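Thank you all for coming. I would like to take a few minutes to walk through one structure, so please have a look at it before I go on.

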Amino acid sequence: MAEIGNDIFKAKELLEQGKLVAIPTETVYGLAGNALDSSSVAKIFEVKNRPYFDPLIVHVPDIDSVSKYAEEIPAKAKLLMNEFWPGPITFLLTKKPIIPDLVTSGLDRVGIRCPHHSLTHELLKSLSFPLAAPSANPFGYVSPTTPQHVNDQLGDKIDYILDGGECNVGIESTIVGFENDETIVYRVGGLSVEKIELIVGDVKVQTQSVSNPHAPGQLQSHYAPRKILKVGNIQELLIQNKGKRIGILSFQKKYSGEEINQQIILSHSGDLKEAAQKLFSALRELDKSNVEIILTEEVPNIGLGRAINDRLNRAAVK
Ligand code: TXA
Ligand code: MG
């Protein structure tokens, strides 16, 4: 198992040696390596068992660093960075040659984000290179929101997990790009579309993609537990799945019935922020339990609810 601790200096040394370290962010834990070093980047793909066509996000300490890695920053990107960074929004920007092609899977754009977490901010500031970091989970599985989640699945493959506690947003960053002055959201996430629209006006949400995704977070099946998961009307799903050991993940309501083995309520008060924060831990807990099937329902499709529904629906595809 990996060592878990909050020694920034140790994390820095390992990263400088080309090794990988799991880092906390406000969204989910990342599996970090030197973004400017292809061999560190290659290790990230290996450890996650991630296909090389799925590009990585590059993490920077501040807005000023962006111009080292991106050719230009569109005016709308600048506005959004000023408003929301550090925070859960990633920008797809035309990359400079210093970013290895492996990071972007050969695409022209690189995803850049400045995470909001004090430990990771300190670490990024202390390094002479930015950090490539996908979520610290095996490819396709639910993202980790605690050091223990990372240790459970990747602990034997990495040396160190920087412990920054539980992630307080709990759902991955929102990914945006710009095409002909239009703002496009490729992945809904920890920053709501509504908040983005307040700053730059209407955006286009384009989170489905056919075969060659702009962002493989757009892949239909992703963020998925191993158990079968269904999204719908829980009452009806309960009838359809009679006789099975059932786990329920509901938004606000408690359901009753003999077949229910385990039930997790995301937010008793119906708070979407709380629901997002708990979502991945809850999915992991149900996945580890002895239930045969997980039944869930959509939450209100506004604010962070859109990202929650997006993840639930992708988790449901088998
Ligand atoms: O909140 C987050 O974004 C977390 C934390 C660790 O920062 N990271 C994260 O990374 O969720 P990952 O790799 O699990 O998901 C990033 C998504 C992938 O679906 C990837 O395809 C997309 O971002 N992406 C990254 N760079 C891209 C690029 N240049 N063009 C298109 N999509 C890109
Ligand atoms: Mg991921």
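**A pocket, a cavity and a pair of helices**

Let me begin with the second largest pocket, which has a volume of about 190 Å³, and please keep in mind throughout that this is a predicted model. The residues that line this second largest pocket are Pro88, Asn168, Val169, Gly190, Leu191, Ser192, Lys195, Lys273, Gly303 and Leu304, and sorted by class they come to four nonpolar, four polar and two charged.

Next, the enclosed space: how many cavities of 30 Å³ or more does a search of the whole structure find? The search finds one, and the largest cavity holds about 30 Å³ of space. Around the largest cavity we find Thr174, Val188, Gly189, Leu191, Ser192, Val193, Gly303, Leu304, Arg306 and Ala307, a lining that divides into five nonpolar, four polar and one charged residues. If you put the two lists side by side, you will see that Leu191, Ser192, Gly303 and Leu304 appear in the lining of the pocket and also in that of the cavity.

Let me turn now to two helices, α1, which covers residues 8-16, and α6, which covers residues 118-126, and which pack with their axes 10 Å apart at an angle of about 45°. That angle makes α1 oblique to α6, and the crossing in which α1 passes α6 is right-handed. On the α1 side the contact is made by Ile8, Ala11, Lys12 and Leu15, while α6 contributes Leu119, Glu122, Leu123 and Ser126; by class, the residues of this contact are five nonpolar, one polar and two charged.

Notes:
Residues are numbered from 1 along each chain as its sequence is written. Chains are lettered from A and ligands numbered from 1 in the order in which they are written. This is a predicted model: local features need pLDDT of at least 70, side-chain atom pairs count only at pLDDT 80 or more; totals for chains, interfaces and linings use all residues. Side-chain values use heavy atoms; hydrogens and water are left out. Axes are lines fitted to C-alpha atoms, for helices over the stretch in contact, and angles run from 0 to 180 degrees between N-to-C directions. Helices (H or I, at least four residues) and strands (E, at least two) are DSSP runs, numbered from the N terminus. Angles under 35 degrees count as roughly parallel, over 145 as roughly antiparallel, 65 to 115 as roughly perpendicular and the rest as oblique. A crossing is left-handed if the near helix is turned anticlockwise from the far one by less than a right angle, and right-handed if clockwise. Contact means heavy atoms within 4.5 Å. Ala, Val, Leu, Ile, Met, Phe, Trp, Tyr, Cys and Pro count as nonpolar, Asp, Glu, Lys and Arg as charged, and the others, Gly among them, as polar. On a 1 Å grid over the protein atoms alone, a cavity is a set of points where a 1.4 Å probe fits but cannot get out, and a pocket is an open set with protein on both sides within 12 Å along at least five of seven lines; lining residues have an atom within 4 Å of a point. Grid points are joined across faces, edges and corners, and a volume is the space filled by probe spheres set on the points.
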